[in-house]
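Here are my notes on this model, as numbered points. Please read them with the structure open.

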Amino acid sequence: MKLYYDLHMHSCLSPCGDETMTPNNIVNMSALKGLDIIAVTDHNHCGNVAPVCELANAQGILCIPGMEVQTREEVHVLCYFETLEHMQAFFEIFDTYRLCLPNRPDYFGEQYLMDTTDSIIDTYAYTLITSMDLSFEALIALVKQHGGIAIPAHVNKGSNSILANLGFMPKSADIRTVEIYKGAPLPPGIFDHYVQLFNSDAHALAAISEPEYYLEVDEKTAAAVFKCLRGA
Ligand SMILES: [Zn+2]
Ligand SMILES: [Zn+2]
């Protein structure tokens, strides 16, 4: 079956995410747009994923737990997990690599943690738009250890990408899938043999994808989506 997806969007936990990117607004807009699979991927944190997944499930939308990590090399990597429990186990170790620099809301924006009623339950204190003290290859290994899948984000973008920051795809990382940025040309040849994802990277509601890109999967489950993302 064809399932329309948007697997890269930011909630109000990301300092650059619009304050209207609340769990309910994200899920309701995704439902309006007719998306079947979504993922909220905040920078270096997954604190709003559980409420989004709960609300999405209630509307029959499959929510894949994840986040967008910035590695030591300043490369952005989308990290997805089959369950909230897998994500949480990953996050507990991942969090120990944080540099813990205080956020400056006046400069970067607020970082809101919300519940399923869109109430602010906390404001995250450390800045989320900085690198973790974790290399690209160490991150890939840690994601794998937790049964997750790591997908280099916006690989053809001029900053925070594999091409801009590393200049090559490390062979040892065994990457099968990449995210292509629609706003820049794709260098010919380099990513032909990868499964290619096209997401919105939405920071505001209107930017969430229309039902344009789909995954061909056996069934509407995280396991089936993972199989597809692994190129299996
Ligand atoms: Zn990014
Ligand atoms: Zn992003």
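1. What covers the buried residues of helix 3? The cover includes helix 2 (49-58) and helix 5 (136-145). Keep in mind that this is a predicted model.

2. The buried residues themselves are Met 87, Phe 90, Phe 91 and Phe 94, in a helix that spans residues 84-94. They share one side of helix 3, because the arc they cover around the axis is only 100°.

3. Now turn to the opposite face. Glu 85, Glu 92 and Ile 93 are exposed there, on the face of helix 3 turned away from its buried side. Note that Ile 93 is listed with two Glu residues on this exposed face.

4. Next, the sheet. It is open, has 3 strands in the order 4-5-8, and its pairing is antiparallel. Which strands stand at the edges? Strand 4 (66-70) and strand 8 (149-152) do. Each has a single partner strand, so one side of each lacks a neighbour in the sheet. From one strand to the next, the twist averages 25°.

5. Look at the pairing of strand 5 (residues 76-80) with strand 8. The two run antiparallel and are joined over 4 bridges. One pair to find on screen: Val 77 has Pro 152 of strand 8 as its bridge partner.

6. Helix 5 packs on this sheet and touches strand 4, strand 5 and strand 8. The direction of helix 5 makes about 145° with that of strand 8. Helix 5 is also part of the cover over the buried residues of helix 3.

Technical notes. Residues are numbered from 1 along each chain as its sequence is written. Chains are lettered from A and ligands numbered from 1 in the order in which they are written. This is a predicted model: local features need pLDDT of at least 70, side-chain atom pairs count only at pLDDT 80 or more; totals for chains, interfaces and linings use all residues. A residue is buried if 20 or more other C-beta atoms lie within 10 Å of its own, exposed if 12 or fewer, and partly exposed in between; C-beta atoms are placed from the backbone. The arc is that of the directions from the helix axis to the C-beta atoms. Two residues are in contact if their C-beta atoms, placed from the backbone, lie within 7 Å. Two strands pair if DSSP finds at least two bridges between them. Axes are lines fitted to C-alpha atoms, for helices over the stretch in contact, and angles run from 0 to 180 degrees between N-to-C directions.
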